[in-house]
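This report introduces a structure to a reader who has not met it before. Please look over the sequence and the model before reading on.

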Amino acid sequence: MILFGPPGSGKGTQAKLLRAALGIPHISTGDMLRERIASGDELGLRVKGLMQAGRLVPDDAVNQLVADRIAQADCRDGFILDGYPRTLPQAAYLERLLEERGYRHLVIHLKVDYTKVIARIAGRRVCPACGTLYSLTSNPPRQPDLCDRDGARLVIRDDDREEVIRERLEAYERLTRPLLDFYRQRGSQLHEVDGSDGTPEEVFERIRGLLKLQ
Ligand code: ADP
């Protein structure tokens with residue numbers, strides 16, 4: 001399952017709900033890259049500046065990360081891709097990978113308008129310890145700035161600063177949005193879901209309805 005949509009459209013939140021409902025792994029290239037940055041390994045060092053500036057990481061690096069991840073045993077029965085593919089070369093690479101390994105795919109496009117996206121991202125906070133996401137407007141922590149689960153002090157992701165958000169939206173328009181046509185031309189199963197209104201659970205209900213999940 002490919003979750004598609006601009007930054008801040010709720011892909012990560014929906015991916016976590018889908019993982020729980022479907023029992024298949026959630027693969028977020030953004031999370032994997034941030035883990036590599038935190039660990040300070042060679043890839044992490046290479047991509048840190050790009051990510052902080054809201055630019056995309058080179059295709060070969062993310063392609064390799066995804067290829068390695070889906071080769072793991074827990075992906076046998078399927079997986080949820082969040083934030084990948086993001087460019088046409090990534091989509092072409094993924095297509096080959098899925099074909100080689102005998103997977104079918106479907107695409108869920110979370111649609112939201114940009115004014116909402118900017119407000120959402122600006123209010124986003126994340127727990128550095130467990131990764132739980134909060135929104136100051138729609139899903140605030142019980143105590144200001146502290147994670148409900150482990151009490152860690154919440155942080156703003158480096159690339160969630162307002163000047164960087166615009167760069168990310170620009171990269172989405174230029175490099176990622178064209179993938180919708182790629183998938184249309186392929187005749188892929190492509191579902192559009194309104195991600196602008198309602199709580200995350202309500203958006204999830206829309207996806208569940210589309211997929212006819214129990
Ligand atoms: P969002 O979807 O909110 O932008 P992500 O966590 O998915 O957040 O991505 C954060 C950053 O990680 C991107 O701006 C980019 O620098 C890098 N990144 C993540 N996935 C990819 C990808 N598939 N290709 C290139 N860069 C990526």
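How many residues has helix 7, and what distance does helix 7 reach from its first C-alpha to its last?

## Helix 7

The model described here is predicted. Helix 7 is formed by residues 162-176, 15 residues in total. From its first C-alpha to its last, helix 7 reaches 20 Å, close to the 21 Å expected at 1.5 Å a residue.

## The two faces of helix 7

Seven names make up the buried set of this helix: Val-164, Ile-165, Arg-168, Leu-169, Ala-171, Tyr-172 and Thr-176. They lie on the same side of helix 7 because they cover an arc of only 155 degrees around the axis. In an α-helix, which has 3.6 residues a turn, residues three or four places apart point the same way.

The face turned away from the buried side carries the exposed residues Glu-163 and Arg-174. The buried residues of helix 7 pack against several elements, including strand 1 (2-4), helix 3 (42-52), strand 4 (106-111) and helix 8 (179-186).

## The ligand and its surroundings

Around the ligand there are 20 residues, of which Thr-29, Arg-34, Arg-55, Gln-90 and Arg-168 come nearest. Arg-168 is also one of the buried residues of helix 7. Helix 2 (residues 29-39) gives the most to the shell around the ligand, with four residues.

A nitrogen atom of the ligand lies 2.8 Å from a polar side-chain atom of Thr-29. The side chain of Arg-34 has an N or O atom 2.9 Å from an oxygen atom of the ligand, and a polar backbone atom of Gly-83 is 2.9 Å from a nitrogen atom of the ligand. The ligand taken alone exposes 550 Å², and the protein buries 97% of that.

Key. Residues numbered from 1 in each chain as written. Predicted model: local features only at pLDDT ≥ 70, side-chain atom pairs only at ≥ 80, totals over all residues. Heavy atoms only, no water. Helix = DSSP H or I, 4+ residues; strand = E, 2+ residues; numbered from the N terminus. Expected span 1.5 Å × (residues − 1). Buried < 20%, exposed > 50% of the residue type's maximum accessible area, 1.4 Å probe, protein only. Arc of directions from axis to C-beta. Contact = heavy atoms within 4.5 Å. Near = heavy atom within 4 Å. Polar contact = N/O pair within 3.5 Å; in protein donor to acceptor, adjacent residues only side chain to side chain. Areas by Shrake-Rupley, 256 points an atom, 1.4 Å probe, with all protein chains shown as cover.
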